[in-house]
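Hi,

Here is the structure I promised to pass on to you. Please open it first, and then read my notes underneath.

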Amino acid sequence: MKTKTVIYSLVAFMILPNTLWGASCSRANLTKCLDSVCAINFSSNPAARCQYCGTSSAGTPPTSKMRTVTTGSTKYMLTDKELKSAPTDPGQRYVWATRQCLEKVADCTADDVTDTYDKLIEQSCTAAGVSAEMKNLTANVSKTKSESVCSGEISACVTRENKCGTNYSNCKTDSDFDRVFSECATDATGCESFTASIKQTISQSKDSVINALETNLESIVLAHQQNRANKILSIQNGCKDNSARDACVKTVCANNMRNKCENESEKTMAQSLCKFYDIACGTLK
């Protein structure tokens with residue numbers, strides 16, 4: 001995968017289609033091809049794309065007979081024989097699938113793969129429960145958040161397509177990044193004390209992704225995978241020592257309980273209100 005021959009081939013796939021008389025890529029056929037590698041048993045396993053071509057944190061795909069999500073013509077699908085050569089590591093499998101499908105579907109580039117399929121992998125990872133946003137769980141009871149929750153919330157905002165984008169293509173200059181980060185940090189109430197360290201972390205991630213985009217396809221894929229892993233790790237850290245749940249209980253006691261939880265009845269009630277943290281964190285184990 002890392003030989004010069006493969007790299008030269010990938011660069012050729014990225015450049016040549018755009019030079020051939022303005023030919024356009026059929027993203028429907030491209031998706032059909034990628035699905036034949038990454039969406040096996042998708043109808044019964046919504047996490048398939050994430051497990052096969054996203055991140056190993058989503059778990060190991062089921063070992064039942066492989067069936068793709070694609071129906072109809074099999075012209076652009078990889079055969080069972082071809083799939084036997086596919087890597088099992090999700091990042092390497094995505095690189096392999098990209099190379100195979102750019103051969104099968106004419107006039108497409110690596111950018112077409114990223115624009116078409118990355119969002120499908122992200123949606124699948126959400127279905128797998130590995131990128132749940134904690135702000136949706138805390139909105140009703142907590143105004144003060146942990147650093148891990150704030151980091152996940154601001155990162156999700158910064159990487160929206162109408163902000164910097166998942167590949168930070170809209171924030172290549174420091175001024176654009178500073179503007180977007182400021183907007184997202186302002187919207188993330190209760191995170192004021194963490195914004196400086198979060199900005200540094202996201203800025204480093206941005207620089208890493210942009211540098212990867214300027215090198216080769218494999219680096220791009222691995223950078224996206226690392227970005228997803230960082231989001232997952234950020235949430236898992238908040239669950240590891242129950243600090244997110246404890247912060248929720250503390251906030252509820254301070255803001256919603258008359259006696260500030262000095263009696264057992266109020267303590268029990270506050271713990272019940274924050275019970276959803278146990279449920280949410282349970283999905284990440």
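Helix 8 and helix 9 make a right-handed crossing (left-handed if the near helix is turned anticlockwise from the far one by less than a right angle, right-handed if clockwise). By class, their contact has 8 nonpolar, 2 charged and no polar residues; Ala, Val, Leu, Ile, Met, Phe, Trp, Tyr, Cys and Pro count as nonpolar, Asp, Glu, Lys and Arg as charged, and the others, Gly among them, as polar.

This is a predicted model, where local features need pLDDT of at least 70 and side-chain atom pairs pLDDT 80 or more, while totals for chains, interfaces and linings use all residues. Residues are numbered from 1 along each chain as its sequence is written, and side-chain values use heavy atoms, leaving out hydrogens and water.

Helix 8 covers residues 147–158 and helix 9 residues 174–187; they pack at about 135 degrees with axes 9 Å apart. Axes are lines fitted to C-alpha atoms, for helices over the stretch in contact, and angles run from 0 to 180 degrees between N-to-C directions. The two helices are therefore oblique to each other (under 35 degrees is roughly parallel, over 145 roughly antiparallel, 65 to 115 roughly perpendicular, the rest oblique).

On the helix 8 side, Glu153, Ile154, Cys157 and Val158 take part, meeting residues of helix 9 that include Phe177, Phe181 and Asp187. Contact means heavy atoms within 4.5 Å.

Overall, the protein chain has 14 helices and 0 strands, which are DSSP runs numbered from the N terminus (helices H or I, at least four residues; strands E, at least two).

Enjoy exploring!
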